Amino acid sequence: QDWEQRQEEDTLLIERILLLVRNVLHVPPDPAEEQQGVDGDASVHDRVLWALHISGMDDLLKFLASAQVEQQWALHVLEIISLMFRDQSPEELAALGQGAAGAEHGEDTRELESLRQRELAEKRARALQRPSRHSRFGGSYVLQGLKSIGERDVVFHKG
């Protein structure tokens, strides 16, 4: 329902559901149960997250977070999302999203590095082909029409 059509009971129901989801995600892990499972087994927290995903609750949370008219739920949704990611480190999350893109990025980086090395080698070869002798003589010039301290023209020496 649109927010204009909602009754007070509907608003309270939405808030209670969000608080229930928050409280379920807030339950700390039980070390005794976590040790009983196999190493590759999903934790209780991961299974709850999977159940939320299967039920479509994650899509509802994304809608509530992004809809302008649903700003009243923003803090509840923010807290739920932070609890969803509580066991994850930022490095793991960043590496998780890379996948095939990360391998492609690594390949592109290697290709760019090889092109840069080739360009530097060509630049060095061109520099060796140029004559290395450089004239250090800048020259001396006479500025006609401009008088120095005496009555002679100014002589300018360029180093």
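**Exercise 1. How are helices α1 and α3 oriented to each other: roughly parallel or roughly antiparallel?**

Before starting, note that this is a predicted model, in which local features need pLDDT of at least 70 and side-chain atom pairs count only at pLDDT 80 or more, while totals for chains, interfaces and linings use all residues. Residues are numbered from 1 along each chain as its sequence is written, and side-chain values use heavy atoms, with hydrogens and water left out.

*Solution.*
- Step 1. Find the two helices: α1 covers residues 8–26 and α3 covers residues 44–55. Helices (H or I, at least four residues) and strands (E, at least two) are DSSP runs, numbered from the N terminus.
- Step 2. Look at the axes, which come within 10 Å and cross at roughly 155 degrees. Axes are lines fitted to C-alpha atoms, for helices over the stretch in contact, and angles run from 0 to 180 degrees between N-to-C directions.
- Step 3. Apply the scale: under 35 degrees is roughly parallel, over 145 roughly antiparallel, 65 to 115 roughly perpendicular, and the rest oblique. Helices α1 and α3 are therefore roughly antiparallel.

**Exercise 2. Work out which residues of α1 and α3 meet, and sort them by character.**

*Solution.*
- Step 1. A contact means heavy atoms within 4.5 Å. On the α1 side you will find Val21, Val24 and Leu25, and on the α3 side His45, Val48, Leu49 and Leu52.
- Step 2. For sorting, Ala, Val, Leu, Ile, Met, Phe, Trp, Tyr, Cys and Pro are nonpolar, Asp, Glu, Lys and Arg are charged, and the others, Gly among them, are polar.
- Step 3. The contact of α1 with α3 then gives six nonpolar residues, one polar and no charged.

**Exercise 3. Find the salt bridges and say what each one links.**

*Solution.*
- Step 1. Take the rule: a side-chain nitrogen of Lys or Arg lies within 4 Å of a carboxyl oxygen of Asp or Glu. The count comes to three salt bridges.
- Step 2. Arginine 22 pairs with glutamate 79 at 3.4 Å, N to O. Arginine 22 sits in α1 and glutamate 79 in α5 (residues 74–84), so this pair ties together parts 57 residues apart in sequence.
- Step 3. Lysine 62 pairs with aspartate 59, their closest N and O atoms being 3.4 Å apart. Both are in α4 (residues 57–66), three residues apart, which is about one helical turn.
- Step 4. Glutamate 113 pairs with arginine 116, with closest N and O atoms 3.2 Å apart. These two lie in α6 (residues 90–129), again three residues apart and about one turn of the helix.
- Step 5. Check accessibility, where buried means under 20% relative accessible area, exposed over 50% and partly exposed in between (1.4 Å probe, protein chains only). Lysine 62 is exposed at 52%, while aspartate 59 is partly exposed at 45%. Arginine 22 is partly exposed at 22%, and glutamate 79 is partly exposed at 31%.

**Exercise 4. Describe the largest nonpolar core and name the helices that build it.**

*Solution.*
- Step 1. A nonpolar core is a set of buried Ala, Val, Leu, Ile, Met, Phe, Trp, Tyr and Cys residues joined through side-chain atoms within 4.5 Å. The largest one has 13 residues, and Leu18, Val21, Leu25, Leu52, Leu61, Ile80 and Met84 touch the most other members.
- Step 2. Two or more residues come from each of α1, α3, α4 and α5. The largest share, four residues, belongs to α5.
- Step 3. Now follow isoleucine 80: leaving aside residues up to four places away in sequence, isoleucine 80 touches Leu18, Val21, Arg22, Leu25 and Leu61.

**Exercise 5. Put these parts into the whole chain.**

*Solution.*
- Step 1. The protein has six helices and two strands, in the order α-α-α-α-α-α-β-β from the N terminus on.
- Step 2. Of its 159 residues, 14% count as buried.
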